[in-house]
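Morning, everyone. I have one structure for you today, and I'd like to walk through its fold and then its charged side chains.

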Amino acid sequence: MKAIEVISVPVTDQQAAKEFYLKIGFQLIVEAPMGNNQTWVQVGLPDQTTSLTLVNWFPKMQPGSMQGLVVLTNDIEKEVEELRAKGVEVGNIDDTPWGRFAWFNDPDGNSLTLRGENK
């Protein structure tokens, strides 16, 4: 094994989820028909090798069931401020011995966590 390439994020509405992820800074990598009226929607952060695919075809992956995806940021205060300015509800920054964290959800309730370095 070499790397984690794609993480599946279960969503109800791929277009609404795509717009949310684009709004928060992800870029569209691929959007293409897969057959059976399904679409492959893949988004990722700039210059990163791991990306997300917004899925609605896995019966055992209920929308909103993804928890614990951690996204690293260089400036957590700035990132939280920018997300809030875009209408994203972000929790307060939690200072812990292993980092600084702030939580938010996508439209389906999938949980994402910002992690910043301790000061």
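I'll start with the overall layout and finish with the salt bridges.

First, a caution: this is a predicted model.

Now the fold. The protein chain carries two helices and eight strands. In sequence order the pattern runs β-α-β-β-β-β-α-β-β-β. The radius of gyration is 15 Å, close to the 14 Å from the globule rule for 119 residues, so the chain is as compact as a globular protein of that length. Along the principal axes, the C-alpha trace spans about 50 × 35 × 25 Å.

Next, packing and surface. Of the 119 residues, 36% count as buried. Take the contacts between residues at least 6 apart in sequence: 50% of them join residues at least 24 apart. The accessible surface comes to about 7500 Å². Carbon and sulfur atoms account for 50% of that surface.

On to charge. I count 10 positive and 16 negative side chains in the protein chain. The centres of the two sets lie 2 Å apart. Side chains of opposite charge can pair when their charged atoms come close. How many salt bridges does that give here? The count is four. I'll show you three pairs, including one that stands in a network with another.

Pair one is Glu31 with Lys18, at 2.8 Å from N to O. This pair links distant parts of the chain, 13 residues apart. Glu31 sits in strand E2, residues 27-35, and Lys18 in helix H1, residues 14-23. Is Lys18 buried or exposed? Lys18 is buried, because its relative accessible area is 9%, and the cut-off for buried is under 20%. Glu31 is partly exposed, at 34%.

Pair two is Glu77 with Arg100, at 2.5 Å from N to O. Again the pair links distant parts of the chain, here 23 residues apart. Glu77 belongs to helix H2, residues 76-85, while Arg100 belongs to strand E7, residues 99-105. Glu77 is partly exposed, with a relative accessible area of 29%. Arg100 counts as buried, at 9% relative accessibility.

Arg100 has another partner. Which residue is it? It is Asp95, with the closest N and O atoms 2.4 Å apart. Asp95 counts as exposed, because its relative accessibility is 51% and the cut-off is over 50%.

Put those together. Glu77, Asp95 and Arg100 are linked in a network of salt bridges. Within it, Arg100 is buried, Glu77 is partly exposed and Asp95 is exposed.

That's the tour. Over to you.

Technical notes. Residues are numbered from 1 along each chain as its sequence is written. This is a predicted model: local features need pLDDT of at least 70, side-chain atom pairs count only at pLDDT 80 or more; totals for chains, interfaces and linings use all residues. Side-chain values use heavy atoms; hydrogens and water are left out. Helices (H or I, at least four residues) and strands (E, at least two) are DSSP runs, numbered from the N terminus. The radius of gyration is taken over C-alpha atoms; the globule rule is 2.2 Å times the number of residues to the power 0.38. Buried means under 20% relative accessible area, exposed over 50%, partly exposed in between (1.4 Å probe, protein chains only). Contact means heavy atoms within 4.5 Å. Accessible areas come from the Shrake-Rupley method with a 1.4 Å probe; for residues, only the protein chains shown count as cover. Lys and Arg count as positive and Asp and Glu as negative; His and the chain ends are not counted. The place of a charge is taken as NZ of Lys, CZ of Arg, CG of Asp or CD of Glu. A salt bridge is a side-chain nitrogen of Lys or Arg within 4 Å of a carboxyl oxygen of Asp or Glu.
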